[in-house]
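Hi everyone, thanks for making time for this. Let's walk through one structure together, and please keep it open on your screens while I talk.

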Amino acid sequence: MKLSKDEILFIDTYLLSNNVIYVDIRQEMVDHIASGVEDKMVSEQLDFYNAFKQYMLVNKKDILKSNKHRWSFSLSTIVQFLLFLGKPLMLIFGVLFYVVFKNLDVNQYFSEDFTINNLFFALVFTAAIFQQVYMKYQLRKQFYKVEKVSQLLVLIYFGQLFFFPVFEKAPPSVITLTIFSFLFFGYVSYFIQELIKFNRQQISYLKS
């Protein structure tokens with residue numbers, strides 16, 4: 001027995017009232033709950049509301065265990081990002097960054113008033129602002145997968161503050177330039193890849 005759109009919306013609203021704030025997490029839970037409720041309606045000849053009530057009475061605690069909360073860093077996201085950086089194409093870009101910085105003194109194109117450290121900080125800051133604007137005005141809702149990826153930029157930012165300080169006047173080493181250029185380029189590439197993948201999943205879900 002297939003649930004109606006109103007019944008699906010009822011489940012979604014119920015989860016939202018229980019602080020399941022991320023749309024993609026709710027989608028997974030709604031699918032899981034809907035399947036269980038449908039089976040219960042058929043096997044026990046119950047209407048939707050009674051089947052839902054009885055199902056959640058038994059399963060609510062276990063289902064809500066998979067809820068994700070804001071600001072919690074995801075180790076799996078970090079691992080996936082590192083695996084992405086280890087791909088052959090990304091490593092080639094890393095080597096290219098090193099060759100360029102080794103053979104070209106990029107500091108000559110900057111002044112004491114605006115150093116390469118300032119440029120890198122501006123790039124990270126711009127990326128962070130773009131993400132916030134994109135998520136707020138384009139997505140308009142909170143999605144766990146997108147927010148988890150965006151938090152990688154926070155780690156890059158703090159690493160930059162420690163190893164590549166914005167107000168440092170001394171030119172950074174070739175290794176430092178290579179590492180942070182590689183990380184930033186890798187992050188932008190990874191974010192775009194995951195955003196494309198995520199949008200495809202959302203389109204597929206809406207069509208189902």
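Before I name any helix, a quick word on the labels: helices here are DSSP runs of H or I with at least four residues, numbered from the N terminus. Also, please keep in mind that this is a predicted model.

With that in hand, let's go to T178, which sits in helix α9. Is T178 buried or exposed? Its relative accessibility is 10%, and buried means under 20%, so T178 counts as buried. And what does T178 touch, if we skip residues up to four places away in sequence? The contacts are G94, F97, Y98 and F101.

One of those partners, Y98, belongs to helix α5. Y98 has a relative accessible area of 34%, so it is partly exposed, because that class lies between 20% and 50%. Y98 also helps to make a nonpolar surface patch of about 420 Å², together with V95, V99, I175 and I179. Two elements give two or more residues to this patch, α5 (88–103) and α9 (174–207). The largest share, three residues, comes from α5.

Now let's go inside. As a general point, nonpolar side chains in soluble globular proteins tend to be buried together. Here, the largest nonpolar core has 31 residues, and V146 and Y187 have the most contacts inside it. The elements giving two or more residues to this core are α4 (75–85), α5, α6, α7 (144–150), α8 (152–163) and α9. Which of them gives the largest share? That is α9, with nine residues.

Have a look at Y187 on your screens. Leaving out residues up to four places away in sequence, Y187 touches F81, Q131, V149, S150, L152, L153 and I156. There is also a second, separate core of 19 residues, and M41, A51, Y55 and M56 are among them.

Last stop: helix α6. This helix covers residues 116–139, so to speak 24 residues, and reaches 33 Å from its first C-alpha to its last, close to the 34 Å expected at 1.5 Å a residue. Its buried residues are I116, N117, N118, F120, V124, A127, Q131, Y134, M135 and L139. You may recognise Q131 there as one of the residues that Y187 touches. Just after α6, R140 takes a positive phi of about 65°.

That's my tour, and I'm happy to go back to any of these spots with you.

Conventions:
Residues are numbered from 1 along each chain as its sequence is written. This is a predicted model: local features need pLDDT of at least 70, side-chain atom pairs count only at pLDDT 80 or more; totals for chains, interfaces and linings use all residues. Side-chain values use heavy atoms; hydrogens and water are left out. The expected span of a helix is 1.5 Å times one less than its number of residues. Buried means under 20% relative accessible area, exposed over 50%, partly exposed in between (1.4 Å probe, protein chains only). Patches are made of residues with over 30% relative accessible area and no salt bridge: like charges are joined within 9 Å, nonpolar side chains (Val, Leu, Ile, Met, Phe, Trp, Tyr) within 5 Å. Accessible areas come from the Shrake-Rupley method with a 1.4 Å probe; for residues, only the protein chains shown count as cover. A salt bridge is a side-chain nitrogen of Lys or Arg within 4 Å of a carboxyl oxygen of Asp or Glu. A nonpolar core is a set of buried Ala, Val, Leu, Ile, Met, Phe, Trp, Tyr and Cys residues joined through side-chain atoms within 4.5 Å. Contact means heavy atoms within 4.5 Å.
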